[in-house]
Amino acid sequence: RNILNACNGVFAISDYCRKRILEINPNAQDKVFTLKNTIDTDHFNSDNYLGFRKTYREEHRIANEQKVIVYCGRLEENKGVYELIEAFKRLEDRTTILMIIGSSFYMDGKTTTKYINKLKKAGESVKKRIIFTGYIPQSDLPKHYAASDIAVVPSTCQEAAGNVTIEALSCGLPVVASRRGGIPEYASVEACSLVECDKNFISNLQEAIEKIVSD
């Protein structure tokens, strides 16, 4: 409250965040503004990395007709990665691949945690179809999006925004995302499927992914 009152203006990265800020002081309406995150669409462009797509998929023995589902983010409980793996295991198409990009910390791809061990145990029955890449630098993310076909943003927490959503869209991928926090504000209705994060969340994810895999 003291920081908000001391500022002449505050930028929020989503309307969701702006509303949360105004819960602190409803009288600050005139100085809290939404200014959404942006990305470099020249960098996040799959057309630049078609060679990488071909090479990467050959190295991992992924056929052209196989669909690759990609998750990108920290491997933490509130990111919904466990739920994504459970949904992936239920997919009817048993040729799909799940690529999980990320680690427990942004710059550390080696540190393991109880949650990461839980993810690997959950994926044990389909481990031949799951790729854990570890941490990937921001500069290389577009290459891995280019090697994929569908992006999933399964956050179970109230995310402030949804950069992964617009990165994936910029790379030409349809997106399945949870309807949480500021994510819907970054999700184009023409290319995104928003799912409810409720008691049926895993089934909701499965159904949304299934639709895109089959069409």
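The exercises below, each with a worked solution, concern a predicted model.

**Exercise 1. The sheet**

Find the order of the strands in the open sheet, and explain why strand 5 and strand 8 each have one side without a neighbour.

Solution.
Step 1. The open sheet is formed by six strands, and reading across it gives the order 5-4-3-6-7-8.
Step 2. The pairing of these strands is parallel. Strands of a sheet pair through backbone hydrogen bonds, in either a parallel or an antiparallel way.
Step 3. Strand 5 (130–134) and strand 8 (192–195) are at the edges, and each has a single partner strand, so one side of each is left without a neighbour in the sheet.
Step 4. From one strand to the next, the twist averages 20 degrees.

**Exercise 2. Strand 3 and its partners**

Determine which strands are joined to strand 3 by bridges, and how many bridges there are to each.

Solution.
Step 1. Strand 3 covers residues 68–72, and two bridges join this strand to strand 6 (residues 150–153). The two strands run parallel.
Step 2. On the strand 6 side, Ile 69 stands opposite Ile 150, and Val 70 stands opposite Ala 151.
Step 3. Strand 3 is also joined to strand 4 (residues 97–101) by five bridges, again with the strands running parallel. Here the bridge partner of Ile 69 is Leu 98.
Step 4. The connection from strand 3 to strand 4 includes helix 4 (residues 81–90), and the three elements make a right-handed β-α-β unit.

**Exercise 3. Directions of side chains**

Sort the residues of strand 3 and of strand 6 by the way they point, and state whether they are buried or exposed.

Solution.
Step 1. In a regular strand, side chains alternate between the two faces of the sheet.
Step 2. In strand 3, Val 68, Val 70 and Cys 72 point one way, while Ile 69 and Tyr 71 point the other way.
Step 3. Five of the five residues of strand 3 are buried, and the strand is mostly covered.
Step 4. In strand 6, Ile 150 and Val 152 point one way, and Ala 151 and Val 153 point the other. These four residues of strand 6 are buried as well.

**Exercise 4. Two helices in contact**

Describe how helix 4 packs against helix 5, and say which residues make the contact.

Solution.
Step 1. The angle between helix 4 and helix 5 (residues 114–122) is about 5 degrees, and their axes are 10 Å apart.
Step 2. Angles under 35 degrees count as roughly parallel, so helix 4 is roughly parallel to helix 5.
Step 3. Helix 4 contributes Val 81, Tyr 82, Ile 85, Glu 86 and Lys 89 to the contact, and helix 5 contributes Tyr 115, Lys 118, Leu 119 and Ala 122.
Step 4. Sorted by class, the contact has six nonpolar and three charged residues, with no polar ones.

**Exercise 5. Helix 7 between two strands**

Identify the buried residues of helix 7 and what covers them, then place helix 7 relative to strand 6 and strand 7.

Solution.
Step 1. In helix 7 (residues 163–170), the buried residues include Val 164, Thr 165, Ile 166, Glu 167 and Ala 168.
Step 2. Their cover includes strand 3, helix 6 (141–146), strand 6, strand 7 (175–178), helix 8 (183–186) and strand 8.
Step 3. Strand 6, helix 7 and strand 7 make a right-handed β-α-β unit. Three bridges join the two strands, which run parallel, and Ala 151 has Val 175 as its bridge partner in strand 7.
Step 4. Just after helix 7, Gly 172 takes a positive phi of about 85 degrees.

**Exercise 6. Ala 208 and Arg 94**

Decide whether Ala 208 and Arg 94 are buried, exposed or partly exposed, and list what each touches beyond four places in sequence.

Solution.
Step 1. Ala 208 is found in helix 9 (residues 201–214). With a relative accessible area of 6%, Ala 208 is buried, because buried means under 20%.
Step 2. Not counting residues up to four places away in sequence, Ala 208 touches Val 176, Ser 193 and Val 195. Ser 193 is 15 residues from Ala 208 along the chain, and their C-alpha atoms are separated by 6.6 Å.
Step 3. Arg 94 lies in the loop between helix 4 and strand 4. Its relative accessibility is 49%, so Arg 94 counts as partly exposed.
Step 4. With the same residues left out of the count, Arg 94 touches Lys 89 and Arg 129.

Technical notes
Residues numbered from 1 in each chain as written. Predicted model: local features only at pLDDT ≥ 70, side-chain atom pairs only at ≥ 80, totals over all residues. Heavy atoms only, no water. Pairing = 2+ DSSP bridges. Axes fitted to C-alpha atoms, helices over the stretch in contact; angles between N-to-C directions. Buried < 20%, exposed > 50% of the residue type's maximum accessible area, 1.4 Å probe, protein only. Right-handed = clockwise from strand over helix to strand, strands pointing away. Parallel < 35°, antiparallel > 145°, perpendicular 65-115°, else oblique. Contact = heavy atoms within 4.5 Å. Nonpolar A, V, L, I, M, F, W, Y, C, P; charged D, E, K, R; others polar.
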